[in-house]
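Take a look at the model below. The text that follows walks through it step by step.

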Amino acid sequence: MAGAAQHAHWSSRWAFIMAAVGSAVGLGNIWKFPYEAGQGGGGAFVMVYLLFVFFIGTPMLVAELSLGRRGQLSPIGSMKKIAQEEKRSPLWGLIGWSGVVGAFIVISFYSVVGGWTLAYMVKSAMGAFSNIDAQTAQDTFVSYISNPVMTLVSHFAFMGITIFIVAKGVQGGLEKAVTYLMPALFAILLVLVVYSGFTGDFAKTVDFLFNPDFDELLYKANSPEAIAAGGAAKVFSLDMVLQALGQSFFSLSLALGSIMTYGSYLTRDVNVGRSALTIAAADSSVALMAGLAIFPIVFAYGLDVAEGGGLVFMSLPIAFGQMPFGIVVGTLFFGLLAVAAITSSISLLEPPVSYVEEKTGWNRRKVAITMGVAAGVLGVLSAYSQGDNMLSSISIFGLSIMDAKDFLTNNIIMPLGGLFTALFVGWFVSRKAMMEELAMEDKTFRIWYFLARFVSPTAIGIIFIKIIYDTVVG
Ligand code: PFF
């Protein structure tokens, strides 16, 4: 096993922050957050989401970063090492395993959607959206995701970029890429917000995103059968609240080993608590800005806010096809999405790569190519499970291959990984070790410790039980 001395490090705190924000800011912020906020009724969802980010997600960021830095190894190596130092069972290493395996599975399908963003950037630049109507927009998307050649090319193009960056190493690849890509991403996003603000319905957007309507969040439409049997039209439901918790985890890149691996490249002089707050604040700002860029267009063009996963690929192109400078705005938008996805996918390839590197002693290039191609091949199953593509008829417990992988990671691996990480730092690592690692002011430490020991495990435990209950009973 490679020793701590050979382990790479960030060249500065700034480089680390850019990389971690790059990991956090991704499809989750620009693609998923707006459509989930749309489905959860807007402002109330946003408010609950932000509470989760700061009271549960941020303490977990602190936990993962400090475990990584203390271990100075891959997530598996770090967890085993710390468990040993703390005289705990080596089984705690399973947290590392679930992160590394989870990251491998997630990148296999994250790259498929990443490929869609590249393809849509090209489509937009070629003027494919000009004056399309809703039906054509939908047909365009379905025929693209059903095309075995196009989806394969875009998926491997995206994976190829990811492998290229990861192969170049922490300072030469990751850092260089994020220090160019992240400022570019902020700049494009800002341009889009300003553009949407001037041309779209900004007032309605602000009202929608910041004026909470808790009825929308807490009640969902009852089924026609239940109404026919005399039930109310709406029933109380915590689904969207739990969705917000899951989304806060996904958006902050928690429980998949990414943040722990980035933590392992940290030097001792970086303040973990302050960094975690910066990362969470930047991640939430981008999610909100994505909302401010997308919803004015959605409202101005009469699109459906609760459209779901198709919002970005099937609805927005209609607007891009009609608006002034639509080709430029559309291309910028999908370019922005691609950049955000790439800085996240490198952080997903990193945990498996750091583990295999540590285990085999192979050079990074060889490991990055091997793991990237392997994840790419696994991803083909996801790519081909969409639309009418070659594997679309395969169903796993009623889900497509892509949705099954999403379910396994989002609903099982991530909550369990998060739960055990919180329990580990809160109850199984000595308080003294955590205090030493975090070097926080006494009061701040006590707040963090309370959130990590009690609040996070309880909240994650509830979401997990609810998911299992829904799956088994529902
Ligand atoms: N945080 C990324 C996003 O919001 O798109 C996705 C992600 C990256 C999740 C890395 C988990 C992870 F470890």
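Helix α2 is mostly covered, with 12 of its 13 residues buried. This is a predicted model. The buried residues of α2 include hydrophobic names such as L27, I30, W31 and F33. Charged ones are on that list too: K32 and E36 are among the buried residues of α2.

Now check the length of the helix. α2 runs over residues 27–39. At 1.5 Å a residue, its 13 residues should span 18 Å, and the end C-alpha atoms are 17 Å apart, so the two values agree. The helix is not straight, though: α2 bends by about 35° at F33. A proline, P34, follows within four residues of that bend. After α2 comes G41, with a positive phi near 85°.

One residue of α2 meets a ring. K32 lies over the face of F250, at 4.4 Å from the ring centre. A second case of this kind involves K366. Its charged end sits over the ring of W362, 4.2 Å from the centre.

Next, the core. The largest nonpolar core has 160 residues. Those with the most contacts inside it are F16, F313, F333 and W448. Helix α14, residues 272–300, gives the largest share of this core, 17 residues.

Follow F313 outward. Leaving aside neighbours within four places in sequence, F313 is in contact with W31, which is one of the buried residues of α2. The other contacts of F313 are V113, W116, T117, Y120, F141, F334 and L337.

Several of these names return among the rings. The structure holds 34 aromatic pairs. One of them joins Y120 and F334: the ring centres are 5.3 Å apart and the planes stand at 65°, so the pair is edge-to-face. Y120 lies in helix α5 (residues 93–125) and F334 in helix α16 (residues 326–360), so the pair ties together parts that are 214 residues apart in sequence. Both Y120 and F334 are buried.

F334 has another partner, F129. Here the centres are 6.3 Å apart and the planes are at 55°, so this pair is tilted. F129 lies in the loop between α5 and α6 (134–145), and F334 in helix α16, so this pair links parts 205 residues apart in sequence. How buried are the two rings? F129 has a relative accessible area of 4% and is buried. F334 counts as buried at 0% relative accessibility.

Step back to the wider group. Ring pairs link W116, Y120, F129, F141, Y144, F313, F320, F333 and F334 into a cluster. F313 and F333 in this cluster are also among the residues with the most contacts inside the largest nonpolar core.

Note on methods:
Residues numbered from 1 in each chain as written. Predicted model: local features only at pLDDT ≥ 70, side-chain atom pairs only at ≥ 80, totals over all residues. Heavy atoms only, no water. Core = buried A, V, L, I, M, F, W, Y, C linked by side-chain atoms within 4.5 Å. Buried < 20%, exposed > 50% of the residue type's maximum accessible area, 1.4 Å probe, protein only. Helix = DSSP H or I, 4+ residues; strand = E, 2+ residues; numbered from the N terminus. Contact = heavy atoms within 4.5 Å. Expected span 1.5 Å × (residues − 1). Bend = angle between axes of the 7 residues up to and from the residue. Phe/Tyr/Trp six-rings, centres within 6.5 Å; stacked < 30°, edge-to-face > 60°. Lys NZ or Arg CZ within 6 Å of the ring centre and 35° of its normal.
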